[in-house]
Amino acid sequence: MKSLLIKETTVSERAQIVREALGADGECEGIDLTDMYDDYIYGLKELADINREFSEQHCGEVIAGELRKPSNCESL
């Protein structure tokens, strides 16, 4: 498998990596997820950093309109 690191890929390769990972349209519940990965595509942040930040911001679960963080979320 080819490296996904910014220093070892071009902008067009990173755009292709994101397109392939997200599937055909890159949408989830009406949100264009490709925007989330712009910093990776343009060489500003690694994929791992973007995914970690997303997990930290959105860690938790919604149950009947109530947000609860699982016990393992505190460690993030």
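This note goes through a predicted model point by point, from confidence and fold to core, salt bridges and surface.

1. Confidence. The model is predicted, not determined by experiment, and the average pLDDT of the chain is 78. A score of at least 70 is reached by 64% of the residues. Confidence is highest in helix H2, at a mean of 95, and lowest in strand E3 (residues 61-63), at 53. Statements about these two elements should be read with those values in mind.

2. Fold. Three helices and four strands make up the regular elements of the chain. Their order from the N terminus is α-β-β-α-α-β-β. Helix H1 covers residues 11-22, H2 covers 38-41, and H3 covers 47-58. Taking the contacts between residues at least 6 apart in sequence, 30% join residues that are at least 24 apart.

3. Burial and surface. The chain has 76 residues, and 17% of them are buried. Its accessible surface is about 5800 Å². Carbon and sulfur atoms account for 52% of that surface.

4. The core. Which residues form the largest nonpolar core? There are eight: Ile6, Ala15, Val18, Tyr37, Tyr40, Ile41, Leu47 and Ile50. Helices H1, H2 and H3 are the elements that each give two or more residues to this core. As general background, nonpolar side chains in soluble globular proteins tend to be buried together.

5. Val18. One core member, Val18, can be followed through its contacts. With neighbours within four places in sequence left aside, Val18 touches Thr34, Tyr37, Tyr40 and Ile41. Tyr37, Tyr40 and Ile41 are themselves listed in the core.

6. Salt bridges. How many salt bridges does a search of the whole structure find? The search gives three. In general, side chains of opposite charge can pair when their charged atoms come close.

7. Lys2 and Glu13. The side chains of these two residues form a salt bridge, with N and O 3.8 Å apart. Lys2 is in the segment before H1 and Glu13 is in helix H1, so the pair ties together parts 11 residues apart in sequence. Lys2 is partly exposed, because its relative accessibility is 47%. Glu13 is also classed as partly exposed, at 30%.

8. Lys45 and Glu53. Here the closest N and O atoms of the salt bridge are 2.9 Å apart. Lys45 has 27% relative accessibility and so counts as partly exposed. Glu53, at 26%, falls into the partly exposed class as well.

9. Asp49 and Arg52. This salt bridge has an N to O distance of 3.5 Å. Both residues are in helix H3, and because they are three residues apart, about one helical turn separates them. Asp49 is partly exposed at 30% relative accessibility, and Arg52 is partly exposed at 40%.

10. The nonpolar patch. Not every nonpolar side chain is in the core: Val11, Tyr42 and Leu44 make a nonpolar surface patch of about 340 Å². Tyr42 sits in the loop between helices H2 and H3. Is Tyr42 buried or exposed? Tyr42 counts as exposed, because its relative accessibility is 56% and the exposed class begins over 50%.

Methods. Residues numbered from 1 in each chain as written. Predicted model: local features only at pLDDT ≥ 70, side-chain atom pairs only at ≥ 80, totals over all residues. Heavy atoms only, no water. Patch = residues over 30% accessible without salt bridge, like charges linked within 9 Å, V, L, I, M, F, W, Y side chains within 5 Å. Areas by Shrake-Rupley, 256 points an atom, 1.4 Å probe, with all protein chains shown as cover. Salt bridge = Lys/Arg side-chain N within 4 Å of Asp/Glu carboxyl O. Buried < 20%, exposed > 50% of the residue type's maximum accessible area, 1.4 Å probe, protein only. Contact = heavy atoms within 4.5 Å. Core = buried A, V, L, I, M, F, W, Y, C linked by side-chain atoms within 4.5 Å. pLDDT = per-residue confidence, 0-100.
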